[in-house]
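Welcome, and please take a look at the model below. This short briefing walks through helix packing and the ligand shell.

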Amino acid sequence: MSEDTKAIAELHRLRDSIDNVDAALVHILAERFKLTERVGELKAAHALPAADPQREAEQVERLRALALESHLDPEFASKFLAFIVDEVIRRHERIAEERRGA
Ligand SMILES: O=C(O)C(=O)C[C@]1(C(=O)O)C=C[C@@H](O)C=C1
């Protein structure tokens with residue numbers, strides 16, 4: 001087997017593993033959004049604000065430390081969290097509007 005053929009085989013193996021990790025990420029995100037939807041319902045029912053900056057600051061601090069331990073760029077980890085949390089807040093606001101309109 002030539003070196004190029006071996007490299008292509010290795011590329012396919014790596015891509016198979018990347019596909020597995022991507023599938024796990026989608027499943028984990030789906031579970032997280034199921035949980036945050038329940039939080040959104042709870043907040044709407046009790047007129048609590050969609051966003052909780054104190055909680056977010058704690059989450060960022062915790063994730064940055066975990067990222068460092070795992071040799072992941074902490075800046076990337078906090079941007080990734082912010083991206084998800086922004087979407088959660090939008091969904092919380094939508095739930096609250098729907099409950100107000102109902
Ligand atoms: O914990 C909450 O209060 C949530 O609404 C969940 C969540 C999150 O996605 O983790 C989203 C918005 C808040 O600003 C903080 C955290």
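What follows is a briefing on confidence, two helix contacts and the surroundings of the ligand.

This is a predicted model, in which local features need pLDDT of at least 70, side-chain atom pairs count only at pLDDT 80 or more, and totals for chains, interfaces and linings use all residues. Residues are numbered from 1 along each chain as its sequence is written. Helices here are DSSP runs (H or I, at least four residues), numbered from the N terminus.

**Confidence**
- The protein has a mean pLDDT of 97 (the predictor's confidence in each residue, from 0 to 100), and 99% of its residues reach 70 or more.
- For the complex, the predictor gives an ipTM of 0.99 and a pTM of 0.94.

**Helix 1 with helix 3**
- The axes of helix 1 (residues 3–45) and helix 3 (residues 74–101) come within 9 Å and cross at roughly 45 degrees; axes are lines fitted to C-alpha atoms, for helices over the stretch in contact, and angles run from 0 to 180 degrees between N-to-C directions.
- Helix 1 is therefore oblique to helix 3 (under 35 degrees is roughly parallel, over 145 roughly antiparallel, 65 to 115 roughly perpendicular, and the rest oblique).
- Their crossing is right-handed, the near helix being turned clockwise from the far one by less than a right angle.
- Among the helix 1 residues in contact (C-beta atoms, placed from the backbone, within 7 Å) are Thr36 and Gly40, and the helix 3 side includes Val88 and His92.

**Helix 2 with helix 3**
- Helix 2 and helix 3 pack at about 140 degrees, with axes 8 Å apart, and this crossing is right-handed too.
- From helix 2, residues including Val60 and Leu63 meet helix 3 residues, among them Ala77 and Leu81.

**Ligand shell**
- The ligand is surrounded by Thr36, Val39, Ala51, Asp52, Arg55, Glu56, Gln59, Val85, Val88, Ile89 and His92, where a residue counts if its C-beta atom, placed from the backbone, lies within 6 Å.
- Helix 1, helix 2 (53–69) and helix 3 each give two or more residues to this shell.
- Helix 3 gives the most, with four residues.

Key
Two residues are in contact if their C-beta atoms, placed from the backbone, lie within 7 Å.
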